[in-house]
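Have a look at the sequence and the model below. A short tour follows once you've scrolled around a bit.

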Amino acid sequence: MTKDNIPKLLKDAMSQNSYDIDVITKYLKIPWLKLDIKFDTPSDDDIKETLSETDWRGKWQFPDNEKMSYQVKGWNGNIFFGPTDFKKFLDISSAEDDEHTYDEDNKCRKFRKILNYDWCVDDNCYIKKQVKKILPNDEDINLVNSYSLPPGGYVFPHRDYAIDNMGLAKIYVALKWSTDNVFGMYGCGNIPINEGDVFLLNNYTLPHWVYNGSNEDRVVIDISANLHSPIIKQKIIDAFKKSML
Amino acid sequence: MRIEIKLDCTYKNTAPVCQFSSTKNIITKTLTQKNDVVLDFNMEKLDTLKIDFINKDDNDDNVVVIKKIIMDDIDLQHFIYHGSFTPRYNPEWFEKQDPKPPTSYSPCTELRHAGVWKMDIHAPIWEMLMKEWLNDKR
(Lines give C-alpha, C1' and ligand atoms only; values in the text may rest on other atoms or scores of the structure.)
Protein backbone atom coordinates (compact mmCIF):
# COMPACT_ATOMS: atom_id res chain seq x y z
CA MET A 1 0.00 0.00 0.00
CA THR A 2 1.37 3.41 -0.94
CA LYS A 3 1.04 6.54 1.19
CA ASP A 4 2.34 8.90 -1.49
CA ASN A 5 -0.92 10.43 -2.66
CA ILE A 6 -2.83 10.84 0.56
CA PRO A 7 -3.79 14.29 1.95
CA LYS A 8 -1.18 15.94 4.19
CA LEU A 9 -3.53 16.17 7.20
CA LEU A 10 -4.24 12.47 7.14
CA LYS A 11 -0.59 11.66 6.50
CA ASP A 12 0.61 13.76 9.43
CA ALA A 13 -2.07 12.41 11.74
CA MET A 14 -1.10 8.85 10.91
CA SER A 15 2.60 9.41 11.26
CA GLN A 16 2.65 11.68 14.29
CA ASN A 17 -0.27 10.54 16.44
CA SER A 18 0.94 9.47 19.84
CA TYR A 19 -0.24 9.43 23.46
CA ASP A 20 -1.24 12.77 24.93
CA ILE A 21 -1.35 12.86 28.72
CA ASP A 22 -3.92 15.67 28.69
CA VAL A 23 -6.27 13.69 26.44
CA ILE A 24 -5.95 10.60 28.63
CA THR A 25 -6.27 12.38 31.97
CA LYS A 26 -8.57 15.31 31.20
CA TYR A 27 -10.74 14.61 28.18
CA LEU A 28 -11.59 10.93 28.49
CA LYS A 29 -12.98 11.12 32.03
CA ILE A 30 -11.77 7.60 32.79
CA PRO A 31 -12.70 6.84 36.43
CA TRP A 32 -9.41 5.15 37.33
CA LEU A 33 -6.22 3.62 35.97
CA LYS A 34 -4.06 1.15 37.86
CA LEU A 35 -0.42 2.22 37.63
CA ASP A 36 2.50 -0.20 37.65
CA ILE A 37 4.13 1.40 40.69
CA LYS A 38 5.10 -0.33 43.92
CA PHE A 39 5.92 1.37 47.20
CA ASP A 40 8.10 -0.56 49.67
CA THR A 41 6.05 -2.34 52.32
CA PRO A 42 5.70 0.11 55.22
CA SER A 43 6.63 -0.83 58.78
CA ASP A 44 4.22 -0.26 61.66
CA ASP A 45 6.18 2.89 62.53
CA ASP A 46 5.86 4.11 58.95
CA ILE A 47 2.11 3.67 59.20
CA LYS A 48 2.02 5.49 62.54
CA GLU A 49 3.74 8.42 60.88
CA THR A 50 0.86 8.77 58.44
CA LEU A 51 -1.73 9.23 61.17
CA SER A 52 -2.56 12.61 62.68
CA GLU A 53 -4.16 13.89 65.85
CA THR A 54 -5.22 17.10 64.11
CA ASP A 55 -8.65 17.18 62.54
CA TRP A 56 -8.20 17.33 58.77
CA ARG A 57 -11.48 19.11 58.01
CA GLY A 58 -10.69 21.70 60.65
CA LYS A 59 -7.17 22.18 59.31
CA TRP A 60 -8.54 22.90 55.83
CA GLN A 61 -11.39 25.03 57.23
CA PHE A 62 -14.20 23.08 55.63
CA PRO A 63 -17.35 25.24 55.78
CA ASP A 64 -20.18 23.99 58.02
CA ASN A 65 -17.71 21.56 59.53
CA GLU A 66 -19.97 20.63 62.44
CA LYS A 67 -23.20 20.69 60.46
CA MET A 68 -21.87 18.41 57.73
CA SER A 69 -19.91 16.15 60.03
CA TYR A 70 -22.54 13.39 59.82
CA GLN A 71 -21.32 12.80 56.29
CA VAL A 72 -17.93 11.57 57.47
CA LYS A 73 -16.99 9.22 60.26
CA GLY A 74 -13.39 8.92 61.40
CA TRP A 75 -11.93 10.32 58.18
CA ASN A 76 -8.68 12.13 58.82
CA GLY A 77 -5.40 13.02 57.16
CA ASN A 78 -1.85 14.22 57.56
CA ILE A 79 0.22 16.44 55.30
CA PHE A 80 3.77 15.64 54.14
CA PHE A 81 4.35 18.05 51.29
CA GLY A 82 2.48 21.26 50.64
CA PRO A 83 2.46 25.01 51.18
CA THR A 84 5.02 25.99 53.81
CA ASP A 85 3.00 28.95 55.10
CA PHE A 86 -0.27 27.10 55.54
CA LYS A 87 -2.12 30.04 57.07
CA LYS A 88 -1.24 32.29 54.16
CA PHE A 89 -2.24 29.52 51.76
CA LEU A 90 -5.63 29.14 53.47
CA ASP A 91 -6.20 32.89 53.49
CA ILE A 92 -5.55 33.16 49.76
CA SER A 93 -7.47 30.05 48.78
CA SER A 94 -10.43 30.85 51.05
CA ALA A 95 -10.68 34.33 49.59
CA GLU A 96 -11.30 32.75 46.21
CA ASP A 97 -13.25 29.71 47.33
CA ASP A 98 -14.83 30.18 50.74
CA GLU A 99 -17.30 27.36 50.09
CA HIS A 100 -14.47 24.85 49.65
CA THR A 101 -15.89 23.96 46.25
CA TYR A 102 -12.51 22.69 45.11
CA ASP A 103 -10.73 19.86 46.83
CA GLU A 104 -7.37 19.98 48.56
CA ASP A 105 -5.46 18.80 45.47
CA ASN A 106 -6.95 21.58 43.39
CA LYS A 107 -6.25 24.27 45.92
CA CYS A 108 -2.62 23.23 46.14
CA ARG A 109 -2.27 22.98 42.37
CA LYS A 110 -3.73 26.43 41.90
CA PHE A 111 -1.22 28.25 44.08
CA ARG A 112 1.82 26.10 43.29
CA LYS A 113 3.59 28.83 41.31
CA ILE A 114 2.72 31.63 43.72
CA LEU A 115 3.58 30.25 47.15
CA ASN A 116 6.50 28.31 48.55
CA TYR A 117 5.95 24.54 48.84
CA ASP A 118 8.18 21.99 50.54
CA TRP A 119 8.34 18.78 52.51
CA CYS A 120 7.37 19.05 56.15
CA VAL A 121 9.13 15.79 57.08
CA ASP A 122 12.82 14.87 57.06
CA ASP A 123 14.65 12.90 54.38
CA ASN A 124 14.33 9.61 56.25
CA CYS A 125 10.55 9.74 56.28
CA TYR A 126 9.12 6.67 54.56
CA ILE A 127 6.58 8.64 52.55
CA LYS A 128 9.15 11.11 51.30
CA LYS A 129 11.55 8.35 50.21
CA GLN A 130 8.81 6.50 48.35
CA VAL A 131 7.39 9.54 46.61
CA LYS A 132 10.86 10.72 45.55
CA LYS A 133 11.29 7.47 43.64
CA ILE A 134 8.47 8.39 41.28
CA LEU A 135 8.65 12.18 41.55
CA PRO A 136 12.33 13.08 42.06
CA ASN A 137 11.81 16.78 41.32
CA ASP A 138 9.88 18.58 44.06
CA GLU A 139 8.72 21.14 41.51
CA ASP A 140 6.45 18.43 40.11
CA ILE A 141 4.64 17.91 43.41
CA ASN A 142 1.65 19.93 44.61
CA LEU A 143 0.53 17.98 47.65
CA VAL A 144 1.36 14.75 49.44
CA ASN A 145 -0.93 13.70 52.25
CA SER A 146 -2.36 10.64 53.91
CA TYR A 147 -6.02 9.83 54.44
CA SER A 148 -6.91 7.45 57.23
CA LEU A 149 -10.17 5.71 58.04
CA PRO A 150 -10.68 3.60 61.18
CA PRO A 151 -12.79 0.43 61.25
CA GLY A 152 -16.39 1.46 60.59
CA GLY A 153 -15.29 4.82 59.19
CA TYR A 154 -16.83 6.26 56.04
CA VAL A 155 -17.21 9.22 53.74
CA PHE A 156 -20.67 9.81 52.24
CA PRO A 157 -21.21 9.79 48.47
CA HIS A 158 -20.03 13.10 47.07
CA ARG A 159 -18.30 14.63 44.09
CA ASP A 160 -15.19 16.78 44.06
CA TYR A 161 -14.81 19.72 41.72
CA ALA A 162 -11.79 20.77 39.69
CA ILE A 163 -10.72 24.23 38.62
CA ASP A 164 -9.42 23.16 35.25
CA ASN A 165 -11.63 20.39 33.93
CA MET A 166 -9.46 17.70 35.44
CA GLY A 167 -10.32 14.03 35.24
CA LEU A 168 -7.67 11.55 36.30
CA ALA A 169 -5.53 13.50 38.75
CA LYS A 170 -5.02 11.91 42.13
CA ILE A 171 -2.21 9.38 42.61
CA TYR A 172 -3.70 7.11 45.24
CA VAL A 173 -1.50 4.64 47.11
CA ALA A 174 -3.30 1.96 49.13
CA LEU A 175 -0.71 1.73 51.87
CA LYS A 176 -2.86 -0.21 54.32
CA TRP A 177 -5.98 -1.67 52.82
CA SER A 178 -7.60 -4.79 54.29
CA THR A 179 -10.29 -6.62 52.40
CA ASP A 180 -13.76 -5.29 53.26
CA ASN A 181 -12.64 -1.79 52.42
CA VAL A 182 -14.83 -0.19 49.79
CA PHE A 183 -14.16 2.63 47.36
CA GLY A 184 -17.37 2.89 45.35
CA MET A 185 -17.65 4.86 42.14
CA TYR A 186 -21.22 5.43 40.96
CA GLY A 187 -22.07 3.46 37.84
CA CYS A 188 -18.71 1.67 37.80
CA GLY A 189 -18.90 -0.64 40.82
CA ASN A 190 -16.11 -0.64 43.36
CA ILE A 191 -12.54 0.25 42.44
CA PRO A 192 -10.63 -3.06 42.60
CA ILE A 193 -8.04 -1.87 45.11
CA ASN A 194 -5.74 -4.24 46.97
CA GLU A 195 -3.15 -3.31 49.59
CA GLY A 196 -0.04 -1.90 47.92
CA ASP A 197 -1.82 -0.87 44.72
CA VAL A 198 -1.21 2.53 43.18
CA PHE A 199 -4.06 4.04 41.18
CA LEU A 200 -4.60 7.25 39.29
CA LEU A 201 -8.11 8.34 40.30
CA ASN A 202 -10.67 10.65 38.81
CA ASN A 203 -12.72 11.98 41.71
CA TYR A 204 -14.15 14.85 39.66
CA THR A 205 -16.61 13.18 37.29
CA LEU A 206 -18.58 10.62 39.29
CA PRO A 207 -20.03 10.51 42.80
CA HIS A 208 -17.90 8.25 45.00
CA TRP A 209 -17.71 7.06 48.59
CA VAL A 210 -15.48 5.07 50.95
CA TYR A 211 -16.19 2.69 53.80
CA ASN A 212 -13.86 0.68 56.00
CA GLY A 213 -15.66 -2.57 56.87
CA SER A 214 -12.49 -4.21 58.16
CA ASN A 215 -11.07 -4.41 61.69
CA GLU A 216 -7.96 -2.36 60.86
CA ASP A 217 -7.20 1.23 59.98
CA ARG A 218 -7.23 1.96 56.28
CA VAL A 219 -4.42 4.31 55.21
CA VAL A 220 -3.86 5.76 51.75
CA ILE A 221 -1.40 8.27 50.39
CA ASP A 222 -2.78 10.93 48.09
CA ILE A 223 -0.36 12.65 45.71
CA SER A 224 -1.21 15.64 43.56
CA ALA A 225 1.51 16.06 40.96
CA ASN A 226 2.44 17.26 37.50
CA LEU A 227 1.31 14.31 35.41
CA HIS A 228 3.73 15.34 32.68
CA SER A 229 6.68 14.55 34.93
CA PRO A 230 8.68 11.84 33.11
CA ILE A 231 8.21 8.74 35.30
CA ILE A 232 4.53 9.36 36.00
CA LYS A 233 3.81 10.22 32.40
CA GLN A 234 5.25 6.94 31.18
CA LYS A 235 3.41 4.97 33.87
CA ILE A 236 0.13 6.55 32.78
CA ILE A 237 0.74 5.80 29.11
CA ASP A 238 1.70 2.20 29.91
CA ALA A 239 -1.40 1.75 32.08
CA PHE A 240 -3.65 3.28 29.44
CA LYS A 241 -2.26 1.04 26.69
CA LYS A 242 -2.67 -2.01 28.90
CA SER A 243 -6.25 -1.11 29.82
CA MET A 244 -7.18 -0.69 26.16
CA LEU A 245 -5.94 -4.13 25.14
CA MET B 1 -41.97 5.11 51.85
CA ARG B 2 -41.18 6.96 55.04
CA ILE B 3 -40.80 10.68 54.45
CA GLU B 4 -39.65 12.97 57.23
CA ILE B 5 -39.91 16.71 56.70
CA LYS B 6 -38.47 19.20 59.14
CA LEU B 7 -40.11 22.61 58.95
CA ASP B 8 -39.76 25.81 60.97
CA CYS B 9 -42.65 28.26 61.06
CA THR B 10 -43.10 31.82 62.21
CA TYR B 11 -46.55 33.19 63.05
CA LYS B 12 -48.40 35.14 65.71
CA ASN B 13 -51.91 33.68 65.82
CA THR B 14 -52.45 31.87 62.52
CA ALA B 15 -50.57 28.60 62.66
CA PRO B 16 -49.65 27.58 59.10
CA VAL B 17 -51.60 24.72 57.57
CA CYS B 18 -49.90 22.66 54.87
CA GLN B 19 -51.14 19.89 52.64
CA PHE B 20 -48.47 17.27 51.92
CA SER B 21 -49.08 15.12 48.85
CA SER B 22 -47.76 12.75 46.24
CA THR B 23 -49.56 11.07 43.36
CA LYS B 24 -51.37 8.60 45.61
CA ASN B 25 -51.38 10.26 49.03
CA ILE B 26 -52.50 13.48 50.60
CA ILE B 27 -52.50 14.65 54.21
CA THR B 28 -53.13 18.02 55.85
CA LYS B 29 -51.31 19.20 58.97
CA THR B 30 -51.47 22.25 61.16
CA LEU B 31 -47.93 23.25 62.01
CA THR B 32 -46.29 24.72 65.07
CA GLN B 33 -42.99 26.60 65.32
CA LYS B 34 -40.78 23.49 65.06
CA ASN B 35 -42.13 20.52 63.13
CA ASP B 36 -41.01 17.04 62.31
CA VAL B 37 -43.69 15.78 59.93
CA VAL B 38 -43.51 12.05 59.29
CA LEU B 39 -45.44 10.65 56.33
CA ASP B 40 -45.90 7.13 55.08
CA PHE B 41 -46.52 7.66 51.36
CA ASN B 42 -46.88 5.05 48.66
CA MET B 43 -44.53 6.73 46.19
CA GLU B 44 -44.49 5.92 42.47
CA LYS B 45 -41.11 5.29 40.83
CA LEU B 46 -41.41 8.76 39.32
CA ASP B 47 -43.42 10.98 41.61
CA THR B 48 -43.67 14.53 42.91
CA LEU B 49 -43.62 15.54 46.54
CA LYS B 50 -45.76 18.63 47.11
CA ILE B 51 -46.16 20.94 50.10
CA ASP B 52 -49.09 23.31 49.68
CA PHE B 53 -49.15 26.24 52.11
CA ILE B 54 -52.88 26.82 52.17
CA ASN B 55 -53.64 29.41 54.85
CA LYS B 56 -51.26 32.30 54.31
CA ASP B 57 -52.45 35.17 56.46
CA ASP B 58 -51.00 38.47 55.28
CA ASN B 59 -51.93 40.20 58.53
CA ASP B 60 -50.25 37.54 60.62
CA ASP B 61 -47.41 37.13 58.09
CA ASN B 62 -47.08 33.44 58.83
CA VAL B 63 -44.17 31.74 57.05
CA VAL B 64 -43.14 28.12 56.48
CA VAL B 65 -39.47 27.22 56.04
CA ILE B 66 -38.45 23.77 54.76
CA LYS B 67 -35.29 22.84 56.67
CA LYS B 68 -34.69 19.20 55.79
CA ILE B 69 -36.29 16.30 53.93
CA ILE B 70 -35.39 12.70 54.69
CA MET B 71 -36.83 10.06 52.35
CA ASP B 72 -36.36 6.35 52.80
CA ASP B 73 -33.96 7.24 55.66
CA ILE B 74 -31.78 9.28 53.28
CA ASP B 75 -31.22 12.99 53.82
CA LEU B 76 -31.83 14.78 50.52
CA GLN B 77 -29.17 17.29 51.66
CA HIS B 78 -28.83 20.44 49.57
CA PHE B 79 -30.73 18.88 46.71
CA ILE B 80 -33.94 20.21 48.31
CA TYR B 81 -32.86 23.44 46.61
CA HIS B 82 -33.82 21.78 43.33
CA GLY B 83 -37.46 22.03 44.45
CA SER B 84 -39.54 24.95 43.17
CA PHE B 85 -42.22 27.10 44.75
CA THR B 86 -45.21 28.37 42.77
CA PRO B 87 -47.03 31.01 44.82
CA ARG B 88 -50.71 31.87 44.68
CA TYR B 89 -50.20 35.57 45.19
CA ASN B 90 -52.73 37.66 47.07
CA PRO B 91 -54.43 39.43 44.10
CA GLU B 92 -54.52 42.78 45.89
CA TRP B 93 -50.81 42.59 46.71
CA PHE B 94 -49.97 41.32 43.24
CA GLU B 95 -51.71 44.27 41.55
CA LYS B 96 -49.50 46.71 43.44
CA GLN B 97 -46.23 45.09 42.39
CA ASP B 98 -44.10 46.66 39.68
CA PRO B 99 -42.29 44.79 38.29
CA LYS B 100 -44.42 41.71 38.82
CA PRO B 101 -42.94 38.88 40.84
CA PRO B 102 -42.04 35.61 39.09
CA THR B 103 -44.49 32.77 38.55
CA SER B 104 -42.23 30.39 40.44
CA TYR B 105 -38.98 30.35 42.40
CA SER B 106 -36.15 27.84 42.47
CA PRO B 107 -34.25 27.46 44.69
CA CYS B 108 -36.81 28.35 47.33
CA THR B 109 -37.37 26.76 50.72
CA GLU B 110 -39.09 29.71 52.42
CA LEU B 111 -42.80 29.81 51.68
CA ARG B 112 -43.79 33.41 52.25
CA HIS B 113 -46.92 33.28 50.10
CA ALA B 114 -49.67 30.71 49.79
CA GLY B 115 -48.69 28.22 47.12
CA VAL B 116 -47.17 24.87 46.26
CA TRP B 117 -43.57 23.79 46.76
CA LYS B 118 -42.76 20.70 44.76
CA MET B 119 -39.86 18.43 43.99
CA ASP B 120 -39.67 15.56 41.55
CA ILE B 121 -38.70 12.29 43.19
CA HIS B 122 -37.18 9.27 41.48
CA ALA B 123 -36.93 5.96 43.31
CA PRO B 124 -34.66 4.50 44.49
CA ILE B 125 -33.66 7.55 46.50
CA TRP B 126 -29.95 6.69 46.75
CA GLU B 127 -29.72 6.57 42.98
CA MET B 128 -31.66 9.80 42.62
CA LEU B 129 -29.01 11.47 44.77
CA MET B 130 -26.19 9.95 42.74
CA LYS B 131 -27.74 11.33 39.54
CA GLU B 132 -28.13 14.73 41.17
CA TRP B 133 -24.39 14.67 41.97
CA LEU B 134 -23.63 13.44 38.45
CA ASN B 135 -25.50 16.32 36.84
CA ASP B 136 -24.30 18.95 39.31
CA LYS B 137 -22.79 21.66 37.10
CA ARG B 138 -21.09 23.52 39.92
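Here is a walk through the model, its chain contact, a sheet and the cores.

## Before you start

This is a predicted model, where local features need pLDDT of at least 70, side-chain atom pairs count only at pLDDT 80 or more, and totals for chains, interfaces and linings use all residues. Residues are numbered from 1 along each chain as its sequence is written, while chains are lettered from A and ligands numbered from 1 in the order in which they are written.

The complex gets an ipTM of 0.78 and a pTM of 0.87 from the predictor. Chain B has a mean pLDDT (the predictor's confidence in each residue, from 0 to 100) of 95.

## Where the chains meet

Chain A puts eight residues into the contact and chain B six; residues are in contact if their C-beta atoms, placed from the backbone, lie within 7 Å.

## An open sheet

In chain A, four strands (DSSP E runs of at least two residues, numbered from the N terminus) make an open antiparallel sheet, ordered β2-β6-β10-β8. Strands β2 (72–73) and β8 (181–185) of chain A are at the edges with a single partner strand each, so one side of each has no neighbour in the sheet. Strands pair if DSSP finds at least two bridges between them; β6 and β10 of chain A have three. One bridge partner of note: A:Tyr154 goes with A:Tyr211 in β10(A).

## Contacts of one valine

Leaving out residues up to four places away in sequence, A:Val220 touches A:Ser146, A:Tyr147, A:Tyr172, A:Val173, A:Ala174 and A:Leu175.

How values were computed:
Two residues are in contact if their C-beta atoms, placed from the backbone, lie within 7 Å.
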